[in-house]
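Thanks for coming. I will go through the ligand site, then the cavity, then one of the pockets.

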Amino acid sequence: MTDPRGSTAPAALVCDGLAYAFGEIKAVDDLELSVRAGEVFGLLGPNGAGKTTAIRCITTLLPVPAGMVRVFGHDAAKERMAVRRLLGYVPQQLSADAGLTGRENVELFARVFDVTRRERAARVARVLEAVGLTPAADRLAKTYSGGMIRRLELAQALVSAPRLLMLDEPTIGLDPIARTSVWEHINAVRAATGMTVLVTTHSMDEADQYCDRVALMHRGRIHALGTPAQLRSELADRRREEGEQDPRPTLEDVFRDVAGSGLDEQGGDFRDVRSTRRTASRVG
Ligand SMILES: Nc1ncnc2c1ncn2[C@@H]1O[C@H](COP(=O)(O)OP(=O)(O)OP(=O)(O)O)[C@@H](O)[C@H]1O
Ligand SMILES: [Mg+2]
């Protein structure tokens, strides 16, 4: 399929029966997931599906109480430092320190991730350049726009030269131009390094455009998985069988189909409710 290195390449990430509960709430419930080396993999799902919790287990910020997580073959429960060295992480909550300059923020991450003193300044300058922040590097982060902050956080995550970059809603709240800019920077680094990317997003357009494969997560589990084109065409086939004349589902339709009425029960929704309503009124 989309794996340029063929099926023999080691998986970048494998979750096997991963489970994590907050008291009674099973946030991640027997999660099975495999991300191929070099691909951009989208983990999609409504609010509360368990995406962030799964990511926090994978990044070793939460323990792995049940099941197994492997990053390029390393066990996240037993080899936490080895796993951390392979990972870059942009959390869902903003993580840059507003009182530091852009460059200082990235330097901090370089130190935390053991980038050697000798290499540090050059590496920091290179990632700031890669995300287009060189001109603003010595300004305080509190003077940055939302898009600049997200690019700064991307630079922080990239400074350790990760093999697996984990992005939890990297483009939330960004205008379309800033969003495209974040993806262009990600793709430029991928082209240069072969880095694997796991991303969560509520933008189905974005997932369709940038992800090689997507998984739809709901209530802690994966309910559908494939390339965006595969998932759309599977739903189109089902709709055709049901007698629809012009079944051209979007990825958002696939998402609705998978998550079904459970979305309403959980209070989960899409960011772009208006366009969904438009689609619904056209269909209805
Ligand atoms: N620290 C916490 N304490 C208690 N419950 C939590 C905590 N963090 C998450 N949960 C619960 O775990 C479930 C999964 O939450 P999680 O944040 O992983 O979902 P998500 O898919 O990332 O959602 P979103 O799209 O809104 O970011 C939810 O029911 C949530 O309320
Ligand atoms: Mg989340």
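Helices and strands here are DSSP runs, helices of at least four residues and strands of at least two, numbered from the N terminus. With that in place, the largest share of the shell around ligand 1 comes from α1, which gives three residues. Please keep in mind that this is a predicted model.

Let me stay with the ligand. There are 14 residues around ligand 1, and those that come nearest are Gly48, Lys51, Thr52, Thr53 and His202. Two elements give two or more residues each to this shell: β2, residues 25-36, and α1, residues 51-58. By type, the shell has seven polar residues, five nonpolar and two charged.

Now the individual contacts. Which side chains place a polar atom beside an oxygen atom of ligand 1? Lys51 does, at 2.7 Å from a ligand oxygen, and Thr52 does, at 2.8 Å. In the side chain of Gln92, an N or O atom is 2.9 Å from an oxygen atom of the ligand. As for cover, ligand 1 taken alone exposes 640 Å², and the protein buries 64% of that.

Next, the enclosed space. How many cavities of 30 Å³ or more does a search of the whole structure find? The search finds one. The largest cavity holds about 40 Å³ of space. Its lining is made of Val90, Arg150, Arg151, Leu154, Leu167, Pro170 and Val182. Helix α5, residues 146-158, gives the most to that lining, with three residues. Five residues of the lining are nonpolar and two are charged, with no polar ones.

Last, an open space: the second largest pocket. About 370 Å³ of space lies in this pocket. It is lined by 16 residues, and the closest to its centre are Leu61, Arg84, Leu87, Val112 and Phe113. Four elements each give two or more residues to the lining: α2 (80-86), β6 (87-90), α3 (102-112) and α5. So that you can place it on the screen, α5 is the helix at residues 146-158. The lining of this pocket divides into nine nonpolar residues, four polar and three charged.

To go back over the main points: α1 gives three residues to the shell around ligand 1, and α5 gives three to the lining of the largest cavity. Helix α5 also appears among the elements that line the second largest pocket. That is what I had.

How values were computed. Residues numbered from 1 in each chain as written. Chains lettered and ligands numbered in written order. Predicted model: local features only at pLDDT ≥ 70, side-chain atom pairs only at ≥ 80, totals over all residues. Heavy atoms only, no water. Near = heavy atom within 4 Å. Polar contact = N/O pair within 3.5 Å; in protein donor to acceptor, adjacent residues only side chain to side chain. Areas by Shrake-Rupley, 256 points an atom, 1.4 Å probe, with all protein chains shown as cover. Nonpolar A, V, L, I, M, F, W, Y, C, P; charged D, E, K, R; others polar. 1 Å grid on protein atoms, 1.4 Å probe; cavity = no way out; pocket = protein on both sides within 12 Å on 5 of 7 lines; lining within 4 Å. Points joined across faces, edges and corners; volume = space filled by probe spheres on them.
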